[in-house]
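Good morning, and thank you for coming. Please look at the sequence and the structure with me, and keep the display open while I speak.

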Amino acid sequence: MDEQQIAAAARLLEAGQLVAFPTETVYGLGADAENPAAVAAIYAAKGRPQDHPVIVHLAPEAPLDYWACAIPLEAQALADAFWPGPLTMILKRAPNIPDAVSGGQDTVGLRCPSHPVALALLRAFKGGKGGVAAPSANKFGHVSPTLAEHVQQEFGSDGSVAMVLDGGASQVGIESTIVDLSRLDTHGPVLLRPGHISAEAIAAVIDRLPSAPDAAAPRASGTLESHYAPHTPVAMQERDVLLQTLAALHGAGRKVALIHTSDMPATHAALRLPAAPDGFAHALYAALRAMDGQGADVILVETPPQGGDWLGVNDRLRRAAHGSTGIVHGLLNTQAKV
C-alpha cells in the first residue's frame, strides 16, 4: 500500500470523514473514535441502531489505559498473546472516551488488528495514539465485506465513505472473537462472540474458560439474533435433509443457490467451500455474496461440523439464517414464478 494513500486516509479520519480499510477479519468502516459526530456518521451510513456499540481499533503502541480504566491483569495477558490479531476485549471505558462508541454503556470494545494496511493506517492516524471506531463496512445486518469491491457495492453510490483502502482479501474472513473482561470479579470472562480465537485459547492464557453470555452482559457488535444476512433467504440443513430439500425444490420449479462442502447434485448455482474451518471461514462471506446475486429463491447451506473450531462459522450462519424458519416449506407450498 502506497504511503501517500495511508497518509491521505489518516488525514481524512482526522477531518472527521469515514474511511473503509482492510483488517485480517473483515473490512471496517472507520471514523475517529473520539469524534462523536464522526462516529454518528458511521451509524448513519450503515443504518445502525444507536445503542449497538462499535469496536475501537488501536495501534500496537497505543496506551491501553487511555481508552479503558480498571484494566485487569488478564487483559494485558491477552493483549500480549493475541494482539495484533482477531481478539476484541470489552473493558470499562475511561471517563475521557465519549460514549458514542459504546452505545451509551460504560464499557468499550478494543482490539489491535494485524492486517499490515490497518496497522499502517492506525500508526499514521494521530501519530499512532488515536483510535479508529470501525464496525464492518456494510449496511447494518448485511453480509460483512472481505474485499474492497464488497465495500464499493455497499457504499459506492451514496458518497458517505470518503476513501476505501484496498488490502486484498481478508485472511480470517469472519469478525473477531469478543470476550468481556469488564465484570471479572462477579462473572468472570464471558465469550460474547466466537471467532478465530477460541475460548480454549483464551483459557490457556488466563487460566479461566470464558462462559456463555448472561442476561446482564454488555451489548457488543454482531451479537443480534439476525445478522450477517444476504437479501436472499438462507436455510442451513444437514446433508441428508438438504439432499431431500434440493430434490423437492427442483421438483417445485424453484431456483436454489447452494453452499456446501461435500459432493452434491447440480443446482441453479453452487459453491463448494473448504471442509476445514479456517478455509470455510475465509470463503464464507464472499460465497454468501456471490450466491445472493444468482437470482435464487433460497440459499441452502450444508451444515458445517460442530465443535470448537467451527463455533465462529456456525454462529455466523445461524444468525444469517435467523428468521428464515419455514422458508423451504413456504417455497414448496406456493407456486413458482415463471
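**A sheet, two cores and a helix crossing**

I begin with one residue, H260, which is placed in strand 12. Please bear in mind throughout that this is a predicted model. Is H260 buried or exposed? Its relative accessibility is 9%, and because the limit for a buried residue is under 20%, H260 counts as buried. If we set aside residues up to four places away in sequence, H260 touches A270, L271, R272, L273 and E302.

Let us now move from this residue to its strand and the sheet. Strand 12 covers residues 256–260, and it pairs with strand 14, residues 298–302, in the parallel sense over four bridges. Within this pairing, L258 has L300 of strand 14 as its bridge partner. Strand 14 also has strand 11 beside it: the two run parallel and are joined by four bridges. On that side, A235 stands opposite L300.

The whole arrangement is an open sheet of four strands, with parallel pairing, in the order 11-14-12-13. Which strands are at the edges? They are strand 11, residues 234–237, and strand 13, residues 269–272, and each of them pairs on one side only. On average, and ignoring direction, neighbouring strands in this sheet are turned by 15° against each other.

Strand 14 deserves a further remark. In a regular strand, side chains alternate between the two faces of the sheet. Here, V298, L300 and E302 point one way from strand 14, while I299 and V301 point the other way, and all are buried. Why is strand 14 described as largely enclosed by the rest of the structure? The reason is that five of its five residues are buried. One helix should be added to this picture: helix 9, residues 239–251, lies across strand 11, strand 12 and strand 14, and it runs at about 155° to strand 14.

I turn next to the nonpolar cores. The largest has 45 residues, and the members that touch the most other members are L29, L78, L87, M89, V101 and L110. Helix 2, residues 36–46, gives the most to this core, with five residues. A second core lies apart from it; that one has 25 residues, among them V26, L273, Y285 and V313.

As an example from the largest core, consider M89. Beyond its neighbours up to four places away in sequence, M89 touches A75, L78, A79, W83, V108, G109, L110, V179 and L181.

Another residue to find on the display is V132, in strand 7, residues 131–133. V132 has a relative accessible area of 0%, so it is buried. Leaving aside neighbours within four places in sequence, its contacts are L13, F21, G30, A31, A33, I55, V56, H57, L122 and F125. V132 and V101 are 31 residues apart in sequence, and their C-alpha atoms are 9.9 Å apart in space.

Finally, we come to a pair of helices. Helix 4, residues 73–82, and helix 8, residues 199–206, have axes that come within 9 Å and cross at roughly 120°. This crossing is right-handed. From helix 4, the residues E74, A77, L78, A81 and F82 take part, and they meet A201, I202, V205 and I206 in helix 8. How many of the residues in this contact are nonpolar, polar and charged? Eight are nonpolar, none is polar, and one is charged.

Conventions
Residues numbered from 1 in each chain as written. Predicted model: local features only at pLDDT ≥ 70, side-chain atom pairs only at ≥ 80, totals over all residues. Heavy atoms only, no water. Axes fitted to C-alpha atoms, helices over the stretch in contact; angles between N-to-C directions. Left-handed = near helix turned anticlockwise from the far one by under 90°. Contact = heavy atoms within 4.5 Å. Nonpolar A, V, L, I, M, F, W, Y, C, P; charged D, E, K, R; others polar. Pairing = 2+ DSSP bridges. Buried < 20%, exposed > 50% of the residue type's maximum accessible area, 1.4 Å probe, protein only. Core = buried A, V, L, I, M, F, W, Y, C linked by side-chain atoms within 4.5 Å.
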